[in-house]
Amino acid sequence: MGDMLTVKDLRVTFLDNNKEAIHGISFSMQEGERLGLVGESGSGKTVTAMAISGLIERSRVTINGDVIFGDTDLRRCSRSQLRAIQGPGIGVVFQEPMNSLNPLIKVGYQVEETLRIHTKKTPEERRKMAIDALDRVGLPNPDEIYSKYPHQLSGGQRQRAMIAAAMVIHPKLLICDEPTTALDVSVQAKILKLLKELSDEYKVGILLISHDLLVVKQLCERVAVMYKGNIVEQGDTMEIFNAPKDEYTRQLMAAIPKRRRK
Ligand SMILES: Nc1ncnc2c1ncn2[C@@H]1O[C@H](COP(=O)(O)OP(=O)(O)OP(=O)(O)O)[C@@H](O)[C@H]1O
Ligand SMILES: [Mg+2]
């Protein structure tokens, strides 16, 4: 079986300041696999996610290297090919759903968006699928949530609604950029558990971005450690946790308070 995603020698340079933010990183993901991308602030996690998902503004950057998703080279495909992949191929969930959800549009309509774009479902079918998805992410009274505006939901509920919006079409890959960082610890654990269940149930691969090794450990079988635009170490999460080889990984580990390490 081939890889779902292959990233090879990816380099990203911002044109406005001519600064190379990603210096040639390589990794791959199998179908249904969960990979964590960890590293300190500014190490290049979000830029990597944006480059892979195609959400980065192409006119503002130069991207070199390969990003192969299935049999498509995302770096070379047209905007319309890219749009066809975004949603059913690659879904995204970001840290602060208030920035991703449109405050003027009801939650249900936003959860249905990928279905409107990518399927021929009738409005009634879409509504049913959206309510199912809202239910599946553990939101109470999903048919009421469907008709609410984003500001009428709590932070944790909005994050669940974002996950519902990404999952309603069962993408092959879900990219989650700090999906739980803005949430308190108990809600964070529940969201991570939910992502794990959804990923197992629908064979959705997850690229989980976090500055927190412990968050990655809860969800991902493999981890890649980023430092200043490079991947300095990658491999089995438990192995890296038990015996980090790179100096920077050791520092990340040392930063975890002992009581949280277990
Ligand atoms: N639009 C931009 N223009 C120029 N440089 C940028 C831009 N966006 C990001 N960078 C640079 O790219 C590098 C990586 O940033 P990135 O946002 O990927 O970090 P990160 O690992 O996601 O950090 P955080 O944990 O704080 O979210 C940084 O040095 C940043 O200054
Ligand atoms: Mg980031």
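**Figure 1. The whole chain, helix by helix and strand by strand.** Helices (H or I, at least four residues) and strands (E, at least two) are DSSP runs, numbered from the N terminus. By that count, the protein chain in this predicted model has 13 helices and ten strands. The C-alpha trace spans about 55 × 45 × 40 Å along its principal axes. A compact globule of 262 residues would have a radius of gyration near 18 Å, and the protein chain has 18 Å, so the two agree.

**Figure 2. Inside the fold.** Here's a look at how the chain packs. Of its 262 residues, 42% count as buried. Take the contacts between residues at least 6 apart in sequence: 65% of them join residues at least 24 apart.

**Figure 3. Two domains and where they touch.** The domain assignment splits the protein chain into domain 1 (1–89 + 177–262) and domain 2 (97–170). Their centres, taken over C-alpha atoms, are 25 Å apart. Domain 1 puts eleven residues into the contact, and domain 2 puts in twelve. On the domain 1 side, you'll find ten nonpolar residues, one polar residue and no charged ones touching domain 2.

**Figure 4. Around ligand 1.** Zoom in on ligand 1 and you'll meet 14 residues around it, with Ala21, Ser41, Lys45, Thr46 and Val47 coming nearest. Two elements, β2 (19–29) and α1 (45–53), each give two or more residues to this shell. The largest share, three residues, comes from α1. Sorted by class, the shell around ligand 1 has eight polar, three nonpolar and three charged residues.

Methods:
Residues are numbered from 1 along each chain as its sequence is written. Chains are lettered from A and ligands numbered from 1 in the order in which they are written. This is a predicted model: local features need pLDDT of at least 70, side-chain atom pairs count only at pLDDT 80 or more; totals for chains, interfaces and linings use all residues. Domain bounds come from an automatic or database domain assignment. Two residues are in contact if their C-beta atoms, placed from the backbone, lie within 7 Å. Ala, Val, Leu, Ile, Met, Phe, Trp, Tyr, Cys and Pro count as nonpolar, Asp, Glu, Lys and Arg as charged, and the others, Gly among them, as polar. A residue is near a molecule or strand if its C-beta atom, placed from the backbone, lies within 6 Å of it. The radius of gyration is taken over C-alpha atoms; the globule rule is 2.2 Å times the number of residues to the power 0.38. A residue is buried if 20 or more other C-beta atoms lie within 10 Å of its own, exposed if 12 or fewer, and partly exposed in between; C-beta atoms are placed from the backbone.
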